[in-house]
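Hi,

Here is the structure I promised to pass on. Have a look at it first, and then read my notes below.

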Amino acid sequence: MNYPDLNKARIRSEKEVNYIENPMVDSSLFFNKKYFLRTYGCQMNEHDSEQIKGILDHFGMSPCEELESADVIVLNTCAIRENAHDKVFGYLGRIKHLKKERPDVIVAIGGCMSQEESVVEELKKRHPYVNIVFGTHNIHELGTMLLHAVSGYQDIEVYSIEGDVYEHISYKRDSHITAWVNIIYGCDKFCTYCIVPYTRGKERSRHLSEIVSEVEDLRSKGYMEVTLLGQNVNAYGHDLKEDVEFSDLLEAVAKTGIPRIRFVTSHPWNFTDKMIEVIAKYDNIMPYIHLPLQSGSDRILKLMGRKYTKNEYLTLFCKMKERIPNVAITTDIIVGFPGEGESDFENTLDVVEKCKFDGAYTFIFSPREGTPAAKMKDETPLEEKEERLRRLNERINFYSKESNQRLVGQVVSVLVLGESEKDSTKVYGYTDTMKLVNVEAGKDTIGQIIDVLITDAKSFSLDGVLEEGVNN
Ligand code: SAH
Ligand code: SF4
Ligand code: F3S
């Protein structure tokens with residue numbers, strides 16, 4: 001099979017540009033077609049997929065679960081660690097096969113991996129049948145790119161420079177109960193191991209009034225919970241002309257009266273006292289903070305460019321625990337950063353022993369091309385890193401289970417999201433502290449906040465029964 005040359009597709013003639021802006025292909029060509037979408041990354045990536053679904057939906061397409069039944073395949077990729085890359089390229093093998101049998105299937109690759117030049121080169125070289133490559137800054141162009149692809153053009157368009165902040169995006173949201181709301185795009189922190197500032201661009205905050213009206217709209221549609229999204233939510237507002245910061249935004253969103261407000265991710269570096277006060281003050285701001293530690297060693301934190309020390313982290317942690325009643329705090333930890341020795345790792349374990357986190361995501365350092373840490377000398381063998389990860393996870397799981405066990409016998413409020421996956425006689429939902437609970441209750445509780453008596457605790461979930469009817 002002859003694949004078109006993607007190099008040509010990169011440079012557009014005036015005619016082509018004109019064509020892209022004023023496509024002559026009718027989008028009704030896609031009506032009733034099926035799309036298969038896979039999302040690989042973080043919450044922001046998931047929310048981007050809701051934008052992608054909005055575009056495909058607008059074309060009259062519907063989703064399908066089987067790759068083989070799809071007319072359009074979209075992979076929304078993640079670049080955070082090596083295994084994310086491997087998963088996507090593994091999947092492309094399957095798609096290559098399919099494309100040989102059905103060359104008319106349109107394949108689109110988007111997300112953070114598309115922002116990497118080496119990935120685009122690899123796609124061109126090894127997977128030239130891919131029709132569309134789009135990045136994180138031009139998701140809104142996907143519709144036009146599909147029209148372009150259906151008429152035989154290939155379209156590789158990835159912006160390395162972020163554009164404006166787009167408003168009034170039509171999302172097709174996965175849930176009618178909880179919703180993601182972007183508040184700040186990009187990241188300026190440049191932690192030395194991390195690829196995100198390169199794939200998502202500079203920090204750009206949305207205007208407070210736009211965010212508040214999105215939340216008001218969601219509330220009027222019956223949504224019970226919003227999660228404010230940013231790689232670093234507490235950086236919100238610093239790039240705006242108005243004098244607003246994250247605590248002002250939180251307060252404004254709390255005043256909309258939406259029943260539950262969450263936010264991810266918080267950076268320990270500029271989490272102010274005022275933010276803590278606002279979280280403590282409003283009942284509808286959930287007492288749950290994801291506060292990535294990354295390492296407990298000052299030397300490693302410095303090499304990581306995290307801008308805080310072990311003691312500063314612990315001080316902030318204690319302040320949160322003191323001032324926000326019943327707050328749950330979870331974290332992210334990287335083991336095996338270049339140069340991490342046993343004593344550095346013991347400092348990380350020490351923070352875990354002191355903080356007794358409600359939960360944590362733990363990772364082995366994965367060198368990302370183009371980041372400073374990828375060039376740092378790393379002499380620790382993988383087996384040693386794996387052993388550290390195992391020791392760390394053992395302590396993390398211990399405290400996670402312990403924090404769950406403390407809830408047994410207590411009545412907690414749970415926002416019910418749906419039928420339990422494992423047991424259709426139960427429903428599942430989350431406590432205000434973000435703990436997963438399976439509840440013996442009817443489907444009529446879905447979408448409501450109910451009082452639940454916790455009867456049992458597992459490492460990663462709780463069991464409960466309905467306490468005294470629905471209280472909402
Ligand atoms: N913006 C968030 C998290 C973004 S990525 C923050 O600053 O906390 C989610 C997590 O992936 C990070 O917290 C970090 O623990 C992990 N991570 C990022 N880059 C990594 C790398 N190169 N290797 C291993 N883990 C990494
Ligand atoms: Fe990556 Fe650091 Fe930005 Fe988080 S704050 S996205 S870890 S660079
Ligand atoms: Fe992955 Fe990009 Fe999110 S690299 S973690 S999808 S910001």
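Keep in mind that this is a predicted model. I'll begin with ligand 2: the residues around it are Cys187, Lys189, Phe190, Cys191, Tyr193, Cys194, Val196, Pro197, Gln231, His267 and Arg306. Sorted by class, that shell comes to seven nonpolar, two polar and two charged residues.

Now for ligand 1. It has 15 residues around it, with Gln231, Pro292, Gln294, Asp332 and Ser366 the closest. Gln231 also turns up in the ligand 2 list, and so does Tyr193, which puts a backbone N or O atom 3.0 Å from a nitrogen of ligand 1. Two side chains reach oxygen atoms of ligand 1: a polar atom of Gln294 sits 2.7 Å from one, and an N or O atom of Asp332 is 2.6 Å from one. As for cover, the protein takes up 90% of the 540 Å² that ligand 1 would have accessible on its own. Strands E13 (328-335) and E14 (359-364) each give at least two residues to this shell, and its make-up is seven nonpolar, four polar and four charged residues.

One more thing, away from the ligands: helix H10 (residues 273-281). Met275, Ile276, Val278 and Ile279 are buried there. Looking down the axis of H10, the buried residues fit within an arc of 165 degrees, so they line one face of the helix. That goes with the usual α-helix rule: at 3.6 residues a turn, residues three or four places apart point the same way. The cover over the buried residues of H10 includes helices H9 (246-254) and H12 (310-323), plus strands E11 (260-264) and E12 (288-290).

Cheers

Key
Residues numbered from 1 in each chain as written. Chains lettered and ligands numbered in written order. Predicted model: local features only at pLDDT ≥ 70, side-chain atom pairs only at ≥ 80, totals over all residues. Heavy atoms only, no water. Near = heavy atom within 4 Å. Polar contact = N/O pair within 3.5 Å; in protein donor to acceptor, adjacent residues only side chain to side chain. Areas by Shrake-Rupley, 256 points an atom, 1.4 Å probe, with all protein chains shown as cover. Helix = DSSP H or I, 4+ residues; strand = E, 2+ residues; numbered from the N terminus. Nonpolar A, V, L, I, M, F, W, Y, C, P; charged D, E, K, R; others polar. Buried < 20%, exposed > 50% of the residue type's maximum accessible area, 1.4 Å probe, protein only. Arc of directions from axis to C-beta. Contact = heavy atoms within 4.5 Å.
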